[in-house]
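Please open the structure in your viewer and keep the sequence beside it, as this tour moves from one selection to the next.

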Amino acid sequence: MTLPLSFSLKNVLARPARSLMTAGVVALVVVACTLFLALISSLRRTLVTSGEPLNLVVMRKGSDNDGSSQITIEAYQAVKYLDGIARDATDQPLVSPELVVQPFFRTADGGRENVLVRGVEAMALAVHSEVRIAEGRMLAPSAGEAVVGKGVMGRYQGAQLGSELEFGRGRWKVVGVLESGGSSFESEVWVDARQLANDAKRPFPYSGIRLRATNAVAMRALEQRIDDDPRYAIEAQPEADYYAKQAESANALYVLVVGIAVLAGIGAGFGAANTMYAAVQARTGEIGTLRALGFSRGAILWSFQVEAITLSCLGFLLGAALALLLAQLIGWLLGGIAFGASTFTTNVITLRIAPGDLGAALLLAVAIGLAGGLGPAWRAARLRPIEALRKA
């Protein structure tokens with residue numbers, strides 16, 4: 001004979017203070033786990049979503065990022081007209097020579113952070129098709145103008161539409177805001193490449209080249225041809241692979257988050273178990289009565305487990321709601337979370353809780369309920385009717 005499901009649910013409602021205390025312990029773990037996982041997934045999403053499937057990144061051999069690379073004009077001219085490069089409506093090759101520097105910017109509160117400034121030419125938006133101008137317009141060549149990423153907007157002094165940014169040796173009027181679906185381009189500032197090279201006194205005008213291949217076959221052929229050219233010591237790699245390597249910086253954080261979640265889960269499991277043990281102690285008479293009425297040990301074991309899982313699910317709902325609220329509050333107060341990138345610049349990440357983050361937190365909450373309720377449920381099931389009634 002089994003106990004109805006409503007029996008366990010009514011027991012949860014019959015003891016609101018104890019139930020809320022147990023659910024609250026689980027909710028705290030869910031909040032911490034969800035926010036940590038959201039931070040990691042947001043970081044990975046920022047880096048991995050950067051890059052086009054048919055784009056190649058061309059840099060000096062041995063360089064692992066734009067900031068450590070240098071490309072000559074001769075190398076750019078040699079690459080620009082290779083077969084297999086896609087062309088725009090005016091039959092111009094989709095090739096974007098770019099210069100990357102990492103100057104200090106003053107934050108709104110007076111601090112300093114390195115920001116990735118990308119010098120570009122007219123073809124940049126066509127090659128980086130995931131980037132669009134959300135406000136204002138694209139910068140004009142040789143006009144001392146800049147467009148800032150959405151993540152940079154308002155974070156630094158002068159990073160407002162119509163204001164003037166100060167970095168390097170010059171001042172740059174902000175004429176537009178970049179948006180790219182949350183990718184790392186939203187943490188950049190774009191200016192004219194030639195002006196940036198003069199300002200930074202760079203002997204080489206470019207640090208890298210982005211180009212669009214006509215198709216996947218042409219992309220592989222271009223990559224091989226560029227790598228095999230002995231004249232300029234340059235190499236090419238798919239843009240998606242380039243940013244995937246940058247995303248590997250999140251792996252150590254991911255391991256740390258998993259470790260913290262496991263430790264928090266163990267602590268919450270002990271907290272839930274203590275509460276459930278107290279519930280068993282207070283309900284020995286009830287357990288004895290159930291055993292005397294003919295309910296099996298398995299039925300009582302199942303009933304207590306259902307109660308524990310119900311409390312953990314309640315804790316998950318409370319924790320998930322609080323985590324979503326905190327994520328919105330963090331975004332409103334901070335405007336984004338700053339992370340140091342492998343280019344020694346600052347990536348501004350928008351904290352977004354994905355369904356997968358909540359799914360992982362739910363699994364952890366259920367595991368806490370199962371592990372925390374098993375011991376008390378087993379103890380309740382092992383009580384003999386006479387012993388339980390005598391203790392009551």
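## A patch on the surface

In this predicted model, begin by selecting Leu20, Leu314 and Leu318, which together make a nonpolar surface patch of about 250 Å². Keep Leu318 highlighted and then extend the selection to residues 297-334, since this range is helix H10, where Leu318 has its place. Is Leu318 buried, partly exposed or exposed? Leu318 counts as partly exposed because its relative accessibility is 41%, and the partly exposed class lies between under 20%, which is buried, and over 50%, which is exposed.

## Two cysteines

Next, select Cys33 and colour the residue so that you can follow it as you turn the model. Cys33 is buried, because its relative accessible area is 6%, a value that falls under the 20% cut-off. Now move the selection to Cys313, which is partly exposed, with a relative accessible area of 28%. How many disulfides are there in the model? The count comes to zero, when a disulfide is taken as a pair of cysteine sulfur atoms within 2.5 Å.

## The whole protein

Finally, clear the selection and show the protein as a cartoon, in which you can look for twelve helices and 14 strands. Of its 392 residues, 48% count as buried, while the protein exposes about 18,100 Å², with carbon and sulfur atoms supplying 61% of that area. If you display contacts with a separation of 6 or more, 79% of them in the protein are accounted for by residues 24 or more positions apart.

Technical notes: Residues are numbered from 1 along each chain as its sequence is written. This is a predicted model: local features need pLDDT of at least 70, side-chain atom pairs count only at pLDDT 80 or more; totals for chains, interfaces and linings use all residues. Side-chain values use heavy atoms; hydrogens and water are left out. Patches are made of residues with over 30% relative accessible area and no salt bridge: like charges are joined within 9 Å, nonpolar side chains (Val, Leu, Ile, Met, Phe, Trp, Tyr) within 5 Å. Accessible areas come from the Shrake-Rupley method with a 1.4 Å probe; for residues, only the protein chains shown count as cover. A salt bridge is a side-chain nitrogen of Lys or Arg within 4 Å of a carboxyl oxygen of Asp or Glu. Helices (H or I, at least four residues) and strands (E, at least two) are DSSP runs, numbered from the N terminus. Buried means under 20% relative accessible area, exposed over 50%, partly exposed in between (1.4 Å probe, protein chains only). Contact means heavy atoms within 4.5 Å.
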